[in-house]
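Here are two short exercises to try with the structure open. Work each one through yourself before reading the solution.

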Amino acid sequence: MMTQLIINNSITLPYASGDKYAAWEEPLSVQLDMISGRRVVEQRGLVWRIRYQYDYMGNALMRQLLGALRGGGILNVRFLPDTGDALLTSTFLRESMTEPTFAFGRGGVGYWHGVEFELREVSPHA
């Protein structure tokens with residue numbers, strides 16, 4: 001299986017298939033209204049966006065991931081872009097997150113359902 005996403009150099013997330021992983025570049029721009037009433041767009045570069053979803057995740061991995069995502073700080077991320085086959089590295093902030101729910105327990109280990117989050121690159125890269 002290929003690796004798609006590694007957070008903070010230690011949290012390797014399970015392979016997500018079936019439209020549950022995306023990494024794309026998005027323009028970072030600002031719209032400004034001029035005194036004349038004309039609106040202009042200032043392009044500041046491109047930022048990477050990442051969306052990840054996973055159905056069931058074990059307790060240990062879930063705790064590590066939630067600690068990183070809820071920490072509110074900058075995340076060091078290695079990710080598979082939609083533009084190539086090699087992992088890229090950059091810094092990201094959590095943009096959004098759906099709180100996972102407890103699905104079931106098996107062998108004394110909890111499994112969590114509905115892991116979903118989006119990340120946005122901290123600084124534009126182009």
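**Exercise 1: the cavity**

The largest cavity in this predicted model has a volume of about 40 Å³. Work out which residues line the largest cavity and which elements each supply at least two of them.

*Solution*

Step 1. Start with the count: there is one cavity of 30 Å³ or more.

Step 2. List the lining. Met62, Leu65, Leu66, Leu69, Met97, Thr98, Pro100, Val115, Glu116 and Phe117 make up the wall of the largest cavity.

Step 3. Sort that lining by element. Helix 1 (59-70), strand 6 (88-98) and strand 8 (109-121) each give at least two residues. Helix 1 has the largest share, with four residues.

Step 4. Sort the lining by class. You should get eight nonpolar residues, one polar and one charged.

**Exercise 2: Gln4**

Find where Gln4 is located, decide whether Gln4 is buried or exposed, and say what its side chain reaches.

*Solution*

Step 1. Place the residue: Gln4 lies in the segment before strand 1 (5-7).

Step 2. Check the accessible area. For Gln4 the relative value is 6%, and the cut-off for buried is under 20%, so Gln4 counts as buried.

Step 3. Look for a polar partner. The Gln4 side chain reaches the backbone nitrogen of Ala16 at 2.7 Å.

Step 4. Fill in the surroundings. Skip the neighbours within four places in sequence, and Gln4 is in contact with Pro14, Tyr15, Ala16, Tyr21, Tyr52, Arg78, Phe79, Leu80 and Leu87. Ala16, whose backbone nitrogen the side chain reaches, is on that list too.

How values were computed: Residues are numbered from 1 along each chain as its sequence is written. This is a predicted model: local features need pLDDT of at least 70, side-chain atom pairs count only at pLDDT 80 or more; totals for chains, interfaces and linings use all residues. Side-chain values use heavy atoms; hydrogens and water are left out. On a 1 Å grid over the protein atoms alone, a cavity is a set of points where a 1.4 Å probe fits but cannot get out, and a pocket is an open set with protein on both sides within 12 Å along at least five of seven lines; lining residues have an atom within 4 Å of a point. Grid points are joined across faces, edges and corners, and a volume is the space filled by probe spheres set on the points. Ala, Val, Leu, Ile, Met, Phe, Trp, Tyr, Cys and Pro count as nonpolar, Asp, Glu, Lys and Arg as charged, and the others, Gly among them, as polar. Buried means under 20% relative accessible area, exposed over 50%, partly exposed in between (1.4 Å probe, protein chains only). A polar contact is a pair of N or O atoms within 3.5 Å; within protein, one must be able to donate a hydrogen and the other to accept it, and residues adjacent in sequence count only if both atoms are side-chain atoms. Contact means heavy atoms within 4.5 Å.
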